[in-house]
Amino acid sequence: QVQLVESGGGLVQPGGSLRLSCAASGPIFSINAMGWYRQAPGKQRELVATIISGGTTNYAESVKGRFTISRDNAKNTVSLQMNSLSPEDTAVYYCNANIRRLYSIFVNEYWGRGTQVTVSS
């Protein structure tokens with residue numbers, strides 16, 4: 001089965017940095033867009049950043065200039081470097097990818113289980 005597994009969450013002080021990583025595994029033919037979403041308590045899940053296979057990126061206005069998304073197409077991984085973190089960034093962060101499986105003509109959306117990021121002093 002195709003899986004997305006996140007790592008790198010944790011507790012950090014305001015102004016600090018964290019790096020999240022996500023690895024896709026399983027019978028993968030190709031991966032189109034990969035990205036990160038987040039969901040804070042009592043709020044809807046929201047887009048943080050996305051990156052397509054060619055490298056074009058898209059960011060939420062709230063994280064522009066602070067977060068950087070990158071991917072390694074050879075390793076099927078996507079990372080999110082988060083700098084200048086604030087308490088408003090506290091949320092569960094989810095990895096997302098649009099993946100075409102081996103022997104399939106369809107592209108399906110996959111989600112990781114999420115990793116908690118807490119920004120607090």
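How many bridges pair β5 with strand β6 (residues 57-59), and in which sense do the two run? Select both strands and you'll find 3 bridges in the antiparallel sense. Bear in mind while you click around that this is a predicted model.

**Stop 1: β5 and its two partners**

Keep β6 on screen and pick out Asn58, the bridge partner of Thr50. Then look at the turn: β5 and β6 make a hairpin with 5 residues between them, and Gly55 in that turn has a positive phi of about 105 degrees.

Now add strand β4 (residues 28-39). It pairs with strand β5 (residues 46-51), again in the antiparallel sense, over 5 bridges. Thr50 turns up once more here, as the β5 bridge partner of Gly35. So far we have Thr50 bridged to Gly35 and to Asn58. The hairpin of β4 and β5 has 6 residues between the strands, and Gly42 in this hairpin takes a positive phi near 80 degrees.

As background for the ribbon view, strands of a sheet pair through backbone hydrogen bonds, and the pairing can be parallel or antiparallel.

**Stop 2: the largest pocket**

Select Arg38, Ala40, Pro41, Lys43, Gln44, Glu46, Pro87, Glu88, Thr90 and Ala91, and you have the lining of the largest pocket. About 150 Å³ of space lies inside the pocket. What is the lining made of, by residue class? Colour it and you get 4 nonpolar, 2 polar and 4 charged residues.

**Stop 3: the open sheet**

Next, bring up the 4 strands that form an open sheet in the order β1-β3-β8-β7, with antiparallel pairing. At its edges sit β1 (3-7) and β7 (67-72), each pairing on one side only. Going from one strand to the next, the twist averages 15 degrees.

Zoom in on the β7 edge. Its pairing with strand β8 (residues 77-82) is antiparallel and covers 6 bridges. For a pair of side chains to label, try Phe67, which stands opposite Met82 in β8.

**Stop 4: the aromatic pair**

The count of aromatic pairs comes to 1. Show Tyr37 and Trp111 as sticks: they sit edge-to-face, 5.0 Å centre to centre, with 65 degrees between the planes. The pair links distant parts of the chain, since Tyr37 belongs to strand β4 and Trp111 to strand β10 (residues 107-111), 74 residues apart.

Are the two rings' residues buried or exposed? Tyr37 is buried, because its relative accessible area is 19%, below the 20% cut-off. Trp111 is partly exposed at 33%.

While you're in strand β10, click on Tyr110. Tyr110 is buried, with a relative accessible area of 17%. Draw a C-alpha to C-alpha distance from Tyr110 to Leu4 and it reads 7.2 Å, though the two are 106 residues apart in sequence.

**Stop 5: two unusual phi values**

Most residues other than glycine have a negative phi. Which non-glycine residue has a positive phi near 50 degrees? Go to Ser84, in the loop between β8 and β9 (91-101). Ser84 is partly exposed, with a relative accessible area of 43%.

Finish at Tyr103, in the loop between β9 and β10. Tyr103 is not a glycine either, yet has a positive phi of about 65 degrees. Switch on the surface to see Tyr103 exposed, with a relative accessible area of 84%.

How values were computed: Residues are numbered from 1 along each chain as its sequence is written. This is a predicted model: local features need pLDDT of at least 70, side-chain atom pairs count only at pLDDT 80 or more; totals for chains, interfaces and linings use all residues. Side-chain values use heavy atoms; hydrogens and water are left out. On a 1 Å grid over the protein atoms alone, a cavity is a set of points where a 1.4 Å probe fits but cannot get out, and a pocket is an open set with protein on both sides within 12 Å along at least five of seven lines; lining residues have an atom within 4 Å of a point. Grid points are joined across faces, edges and corners, and a volume is the space filled by probe spheres set on the points. Ala, Val, Leu, Ile, Met, Phe, Trp, Tyr, Cys and Pro count as nonpolar, Asp, Glu, Lys and Arg as charged, and the others, Gly among them, as polar. Two strands pair if DSSP finds at least two bridges between them. Axes are lines fitted to C-alpha atoms, for helices over the stretch in contact, and angles run from 0 to 180 degrees between N-to-C directions. Rings of Phe, Tyr and Trp (its six-membered ring) pair if their centres lie within 6.5 Å; planes under 30 degrees apart count as stacked, over 60 as edge-to-face and the rest as tilted. Buried means under 20% relative accessible area, exposed over 50%, partly exposed in between (1.4 Å probe, protein chains only).
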